Amino acid sequence: MTKIAVVGTGYVGLVSGAMLSDFGHTVTCVDVDEIKINMLNEGIIPIYEPGLETIVQMNFYYRRLNFTTDIKDAVENSDVIFIAVGTPSAEDGSAELQYVLDVAKNIGTHMNGYKVVVNKSTVPVGTGQKVKSMVQEILNERNVDYPFDVVSNPEFLREGSAVRDFTHPDRIVLGTESERALEIMKEVYRVLYINETPFVETNIETAEMIKYAANAYLAMKITFINEIANVCEKVGADVQKVARAMGQDGRISPKFLHAGPGYGGSCFPKDTIALTKIAKDHGEMISLIETTIEANERQKLKMVNKILNAMGSVEGKTLAILGVTFKPNTDDLRNAPSLVILPELAKEGAKFKIYDPAGENEGTRRFEFIKEKIIWCKSAYEAIENTAAIIILTEWNEFRSLDFNELQRLNGGKYFFDLRNIYNNKQLNERGFKYYGVGV
Ligand SMILES: NC(=O)c1ccc[n+]([C@@H]2O[C@H](COP(=O)([O-])OP(=O)(O)OC[C@H]3O[C@@H](n4cnc5c(N)ncnc54)[C@H](O)[C@@H]3O)[C@@H](O)[C@H]2O)c1
């Protein structure tokens, strides 16, 4: 079994570390965030991710999974070091590589023998080589000559289903120039290898590009159906049926064809921008993705206009907001459409009663600047009581079977904005609500 360090214990690092320890490896998760590491050492999981807690606690109990802020110890005692730190957008839209390169520096500083350095963070093409140069530079400064290899191993897990995604990936991408490192990585992923998960073995640059191309394509697909939805609304077509029939075409597939308020999250927004920047830096233009980014921003504002046009004005009115996270089953609000939609409505004088099953902590922080306009609630029904409109922003399962009788009883308002198309006109109109979906 391999001794592994995972540097960066966020959504990707914690899931990867926990799952690799569950595969039988000894894993040390490292982070600079002392509070996070202390919580983990006390058995508290700092993020909301279904199924993760049990796996973390069990492997921690068996000492296959450890948490530390001590990077020196982690590097010295590992054969394979994963870099899983954040790569947020820098001011110019490119991926901020400072955290990745900081880790590379640390690896060079504490290296004490052959190591495989694996980049799991989403990084622009060329970063693997930068990591290699950085480690080598530090080794030269130290006047030591330890061999090491760099592997690009982008991650495709989705928040909310990360545990299953890690154990049932569509493919594992391994980009490296080294046969030795490739063999070690196959050992790391042995459980998946023997389960016949497809492995894509390629060079570092191709592996880095695969991740951006895949994310940009998915973002474009969502945006495509959103734009079709907008036209559907104008011409009396039903985007739900359009999407279903399109998806039945095997060349298209039904996934990522759900019209809504625009994509968000920690990946698509920053990765699409970073890809257009990579292209520009190399004298190319990916106009489809540039347009996707613009259209996605428009989509969020279109949702605001949809609400304002229907209600006339929201001045002084309280709106029930169901869901603020960027998707269900996560507490993550990074680039969530709610971050645009709520402040815009607040500017128009709206107040909010919000319920999100996991987003309140992060939401309280993100909406601090409009906090006097917000009441956080403990259930959908509490949020709905005495409001002028119901707005579903995130399709949490518990919003899929709302009790319409209860809604009628609690709610003074008549407007029902279903920005995830969970319900339909007929169901709500017959209960006396004015129903508005996206593209229906
Ligand atoms: N979140 C996702 O769904 C997802 C999916 C696939 C790929 N990715 C990519 O994976 C990477 C990580 O994303 P995330 O969502 O897990 O980020 P995150 O912000 O949740 O976690 C990053 C962690 O790295 C830590 N960190 C920063 N600098 C450090 C350092 N020098 N040493 C040790 N720890 C350090 C931070 O404290 C934080 O805990 C990004 O490149 C992202 O694009 C994310």
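## Exercises on a predicted model

Ala380 lies in helix H16, residues 380-384. The structure is a predicted model.

**Exercise 1. Decide whether Ala380 is buried or exposed.**

Step 1. Count the other C-beta atoms within 10 Å of Ala380: there are 23.
Step 2. Recall the cut-off: a residue is buried if 20 or more lie within that distance.
Step 3. Ala380 has 23, so Ala380 is buried.

**Exercise 2. Find which residues Ala380 is in contact with, leaving aside its neighbours within four places in sequence.**

Step 1. Set those sequence neighbours aside.
Step 2. Read off the contacts of Ala380: Leu322, Tyr355, Glu398, Phe399 and Leu402.
Step 3. Now look at Lys327, which is 53 residues from Ala380 along the chain. The C-alpha atoms of Ala380 and Lys327 are separated by 16 Å.

**Exercise 3. Describe the open sheet: its strand order, its edges and its twist.**

Step 1. Lay out the eight strands in the order S3-S2-S1-S4-S5-S6-S7-S8. The pairing is mixed.
Step 2. Take the two ends of that order. Strand S3 (65-68) and strand S8 (199-202) are the edge strands, and each pairs on one side only.
Step 3. Add the twist. From one strand to the next, the average is 20 degrees.
Step 4. Zoom in on one pair. Strands S6 (148-152) and S7 (172-176) run antiparallel, joined by two bridges. Val151 stands opposite Thr176 in S7.
Step 5. Place helix H5 on the sheet. H5 touches strands S1 (3-7), S4 (80-83) and S5 (115-119). The direction of H5 makes about 160 degrees with that of S4.

**Exercise 4. Characterise the surroundings of the ligand.**

Step 1. Count the shell: 26 residues surround the ligand.
Step 2. Pick out the closest: Gly8, Gly10, Val12, Ser121 and Thr122.
Step 3. Look for helices. H1 (11-22) and H5 (98-110) each supply at least two residues of the shell. H5 is also the helix that packs on the sheet.
Step 4. Sort the shell by class. It has 11 nonpolar, nine polar and six charged residues.

**Exercise 5. Work out how the two domains meet.**

Step 1. Mark the bounds: domain 1 covers 3-202 and domain 2 covers 268-436.
Step 2. Locate their C-alpha centres, which lie 34 Å apart.
Step 3. Count the contacts. On the domain 1 side, 17 residues are in contact with 13 residues of domain 2.
Step 4. Sort the domain 1 side by class: eight nonpolar, six polar and three charged residues touch domain 2.

Technical notes: Residues are numbered from 1 along each chain as its sequence is written. This is a predicted model: local features need pLDDT of at least 70, side-chain atom pairs count only at pLDDT 80 or more; totals for chains, interfaces and linings use all residues. A residue is near a molecule or strand if its C-beta atom, placed from the backbone, lies within 6 Å of it. Helices (H or I, at least four residues) and strands (E, at least two) are DSSP runs, numbered from the N terminus. Ala, Val, Leu, Ile, Met, Phe, Trp, Tyr, Cys and Pro count as nonpolar, Asp, Glu, Lys and Arg as charged, and the others, Gly among them, as polar. A residue is buried if 20 or more other C-beta atoms lie within 10 Å of its own, exposed if 12 or fewer, and partly exposed in between; C-beta atoms are placed from the backbone. Two residues are in contact if their C-beta atoms, placed from the backbone, lie within 7 Å. Domain bounds come from an automatic or database domain assignment. Two strands pair if DSSP finds at least two bridges between them. Axes are lines fitted to C-alpha atoms, for helices over the stretch in contact, and angles run from 0 to 180 degrees between N-to-C directions.
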